[in-house]
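Trainee: Could you help me learn to read a structure that is new to me? I would like to go through it feature by feature.

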Amino acid sequence: MFDNKESRTNLSELGEFGLIDHLTRYFEIKRTSTNIGIGDDAAVLNFEGEETVVTTDLLVEGVHFDLSFMPLKHLGYKAVMVNLSDVYAMNAEATQITVSIAASNRFPVEALEELYAGILLASKKYNVDVVGGDTTSSTAGLMISITALGKTKKEKITTRSGAKANDLLVVSGDLGAAYMGLQVLEREKQVFKANPNSQPDLEAYSYIMERQLKPEARKDIPELLQALEVQPTSMIDISDGLSSEVIHLCKNSKVGANIFEEKIPLDPTVISVCEEFNIDSTMVALSGGEDYELLFTIDQKDYDKIKGNPNLTVIGHMTEENEGMHLITRANQKIPIQSRGWNSFEDANDEE
């Protein structure tokens, strides 16, 4: 792909349009719904009567990512995943993305090649076309904004507002790994600062670090639900922690919820690393964030269709709104669910 890793080319040598041509020359159009992609004033898409889904996320250096341990190729890949996850949370198929970046002069062309290598890998793996975007300069490091588009049938669209009392609450995969991966990376960063010659052995943490640095959007879940003939009643992706997402579903659907602590899926690595850091694993699952799993509700009559599926776990059920939102602990205590997920504005204010 981008071959020359030794040279350093200033962005000014290529200019804005030269840089765009340089970074996007490997992207190919694969989707029949993409009529015109990169190279014109706007992309032209044709979804032939299907509903169009659009979502955007902005990632800012120092707020959403730390380049001292986040490789640029991983960042490009993760930035795509963040957006595709939102499309899949609408029970839709992701089809196209646009990519916009703002970079300061500390980033040579070769660094942005690495970023785009990750974007290219993600677009190929998830079968989405890159159809446009923008590049500009920045006085504050690196920013990347991706807009994702998708399509679905009108009757398949799943929002946050369709859950009903007695619906089952279901989650894909396992929770908390991305947050604990971040804790390990932050710890090793401090160790490196104290001793730049240290050589950490991180093999035991490979799963949780991958979940932080290179998450995978759950494209397979809408496909699985369709194959099982299950239409979820509501859905959201888990980006800010399980508790925050449950609250979003409840508030939008005007229902309550009971989550059972013993049912929350945790990888054994997460449990052991939580013990190492002396952190409660349930709180990590509830508040950690960046898992990019899907949380959704289904009618009870569909339980037999998903029962025993290794990708899905029933963690609770929805209740009447006046019953509130609660975590049922292993000791059978009922604790109100509070939103303690990550908040970029609170974190930014804390640093001022």
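Mentor: Happily; we will go through the sheets, then the helices, then one loop residue. Keep in mind that this is a predicted model.

Trainee: How should I begin with a sheet?

Mentor: Strands of a sheet pair through backbone hydrogen bonds, either parallel or antiparallel. A good habit is to write down the strand order and then look for the edges. Here, one open sheet has four strands in the order E3-E6-E4-E5, with mixed pairing.

Trainee: Which are the edge strands of that sheet?

Mentor: They are strand E3 (51-60) and strand E5 (129-137), each of which pairs on one side only. From one strand to the next, the twist averages 15 degrees.

Trainee: How many bridges join E4 to E5, and do these strands run parallel or antiparallel?

Mentor: E4 and E5 run parallel and are joined by eight bridges. To find the pairing in the picture, start from alanine 103, whose bridge partner in E5 is serine 137.

Trainee: Which helices should I look for on this sheet?

Mentor: Try H2 and H3. H2 lies across E3, E4 and strand E6 (143-152), running at about 145 degrees to E3. H3 also packs on the sheet, where it touches E4, E5 and E6, and its direction makes about 175 degrees with that of E4.

Trainee: What is the order of strands in the sheet of seven?

Mentor: That open sheet reads E8-E10-E7-E11-E9-E12-E13, again with mixed pairing. At its edges stand strand E8 (234-238) and strand E13 (334-336); each has a single partner strand, so one side of each has no neighbour in the sheet. Neighbouring strands here are turned by 25 degrees against each other on average, ignoring direction.

Trainee: Where could I see one pairing in detail?

Mentor: Look at strand E7 (residues 168-172) and strand E11 (residues 312-320), which run antiparallel and are joined by five bridges. Leucine 169 has glycine 316 as its bridge partner in E11. For a helix on this sheet, find H6 (residues 220-227), which lies across E7, E8, strand E10 (293-298) and E11 and runs at about 30 degrees to E10.

Trainee: Now the helix pairs, please. What should I know before I look at contacts between helices?

Mentor: An α-helix has 3.6 residues a turn, so residues three or four places apart point the same way. With that in mind, take H2 (residues 72-88) and H3 (residues 109-125), whose axes come within 7 Å and cross at roughly 40 degrees. H2 and H3 are therefore oblique to each other, and their crossing is right-handed. The contact includes Leu72, Gly76 and Val80 of H2, and Ala111, Leu115 and Ala122 of H3. By class, the residues of this contact are eleven nonpolar, two polar and three charged.

Trainee: At what angle do H4 and H5 cross?

Mentor: The axes of H4 (residues 177-194) and H5 (residues 206-213) cross at roughly 100 degrees and come within 7 Å. These two helices are therefore roughly perpendicular to each other. Among the residues in contact are Ala177, Gly181 and Leu185 of H4, with Tyr207, Ile208 and Arg211 of H5. The contact of H4 with H5 has ten nonpolar, two polar and one charged residues.

Trainee: Which residues of H5 are buried?

Mentor: Ile208, Met209, Arg211, Gln212 and Leu213 are the buried ones. Their cover includes H2, H4, H8 and E10.

Trainee: How does H4 pack with H8?

Mentor: H4 and H8 (residues 268-277) pack at an angle of about 45 degrees, with axes 10 Å apart. They are therefore oblique to each other, and the crossing is left-handed. Ala177, Met180, Gln183, Val184 and Arg187 of H4 meet Val270, Val273, Cys274, Glu276 and Phe277 of H8. Seven nonpolar, one polar and two charged residues make up this contact.

Trainee: Let us end on the loop residue. Is serine 104 buried or exposed?

Mentor: Serine 104 counts as buried because its relative accessible area is 8%, under the 20% cut-off. Serine 104 is found in the loop between strand E4 (93-103) and H3. Leaving aside neighbours within four places in sequence, serine 104 is in contact with Leu11, Ser138 and Gly141.

Methods. Residues are numbered from 1 along each chain as its sequence is written. This is a predicted model: local features need pLDDT of at least 70, side-chain atom pairs count only at pLDDT 80 or more; totals for chains, interfaces and linings use all residues. Side-chain values use heavy atoms; hydrogens and water are left out. Axes are lines fitted to C-alpha atoms, for helices over the stretch in contact, and angles run from 0 to 180 degrees between N-to-C directions. Angles under 35 degrees count as roughly parallel, over 145 as roughly antiparallel, 65 to 115 as roughly perpendicular and the rest as oblique. A crossing is left-handed if the near helix is turned anticlockwise from the far one by less than a right angle, and right-handed if clockwise. Contact means heavy atoms within 4.5 Å. Ala, Val, Leu, Ile, Met, Phe, Trp, Tyr, Cys and Pro count as nonpolar, Asp, Glu, Lys and Arg as charged, and the others, Gly among them, as polar. Buried means under 20% relative accessible area, exposed over 50%, partly exposed in between (1.4 Å probe, protein chains only). Two strands pair if DSSP finds at least two bridges between them.
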